[in-house]
Amino acid sequence: MAYLWLMLAILAEVGATSLLGQTRGFTRLLPTLLCLGGYLVAFALLARVVTQVPVGIAYALWCGSGMVLVALAAWLLRGERLDGPALVGIGLILAGTLVIRLFSSVSAH
């Protein structure tokens, strides 16, 4: 169940981060409220996750998955281009995240 909460936390954080540009420096009310609400949900869920999963593992999965998904969202929703080195870096982040999740004895399976 902890990994379901972590997945939801990651999705909330990715949604909030994707809204940052629309807040225009937190000067637009609705995008700002949605962004801050997304971060609030994300951290509340992460706080629940770390009661069952070691914080280092949870945070590594949170960061790695979040970075990959934010880059994907920026590409799909905003047309942001990624060059070869960026794609290699994202691939390494994804590989590291998968290694932790699938093979680490510290990670609760």
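In which hand does α3 cross α4, left or right? I looked this up at the start: α3 passes α4 in a left-handed crossing. I take left-handed to mean that the near helix is turned anticlockwise from the far one by less than a right angle, and right-handed that it is turned clockwise.

**Ground rules.** I am reading a predicted model, where local features need pLDDT of at least 70, side-chain atom pairs count only at pLDDT 80 or more, and totals for chains, interfaces and linings use all residues. I number residues from 1 along each chain as its sequence is written, and side-chain values use heavy atoms, with hydrogens and water left out.

**Overall layout.** I find 4 helices and 0 strands in the chain. The pattern along the sequence reads α-α-α-α. Helices (H or I, at least four residues) and strands (E, at least two) are DSSP runs, numbered from the N terminus. The C-alpha trace spans about 45 × 35 × 15 Å along its principal axes. I note that 32% of the 109 residues are buried. Buried means under 20% relative accessible area, exposed over 50%, and partly exposed in between, with a 1.4 Å probe and protein chains only. I also checked contacts (heavy atoms within 4.5 Å). Of those with a separation of 6 or more, 63% join residues 24 or more positions apart.

**The α3 and α4 pair.** I went back to the two helices for their geometry. Helix α3 covers residues 55–78 and helix α4 covers residues 84–103. They pack at an angle of about 145°, with axes 9 Å apart. The axes are lines fitted to C-alpha atoms, for helices over the stretch in contact, and angles run from 0 to 180 degrees between N-to-C directions. On the α3 side I list Ile57, Ala60, Leu61, Gly64, Ser65, Met67, Val68 and Ala71. They meet Ile90, Ile93, Leu94, Thr97, Ile100 and Arg101 of α4. The residues of this contact divide into 10 nonpolar, 3 polar and 1 charged. Here Ala, Val, Leu, Ile, Met, Phe, Trp, Tyr, Cys and Pro count as nonpolar, Asp, Glu, Lys and Arg as charged, and the others, Gly among them, as polar.

I picked Thr97 in α4 for a closer look. Thr97 is buried, at 10% relative accessibility. Leaving out residues up to four places away in sequence, Thr97 touches Ala60, Leu61, Gly64 and Ser65.

**The core.** I turned to the largest nonpolar core, which has 17 residues. Such a core is a set of buried Ala, Val, Leu, Ile, Met, Phe, Trp, Tyr and Cys residues joined through side-chain atoms within 4.5 Å. Tyr3, Leu6, Val49, Val53 and Trp62 touch the most other members. The elements giving two or more residues are α1 (2–19), α2 (29–49) and α3. α1 gives the most, with 8 residues. I followed Val49 outward: Val49 touches Ala2, Trp5, Leu6 and Ala58, not counting residues up to four places away in sequence.

**Salt bridge.** I find 1 in the structure. The side chains of Arg78 and Glu80 form it, at 3.8 Å from N to O. The cut-off is a side-chain nitrogen of Lys or Arg within 4 Å of a carboxyl oxygen of Asp or Glu. Arg78 is exposed at 53% relative accessible area, and Glu80 is partly exposed at 38%.

**Positive phi.** I checked the loop between α1 and α2, where Arg24 lies. Arg24 has a positive phi of about 50° although it is not a glycine. Arg24 is exposed, at 55%. Phe26 lies in the loop between α1 and α2 too. Its phi is near 65°, again positive in a residue other than glycine. Phe26 is partly exposed, at 46%.
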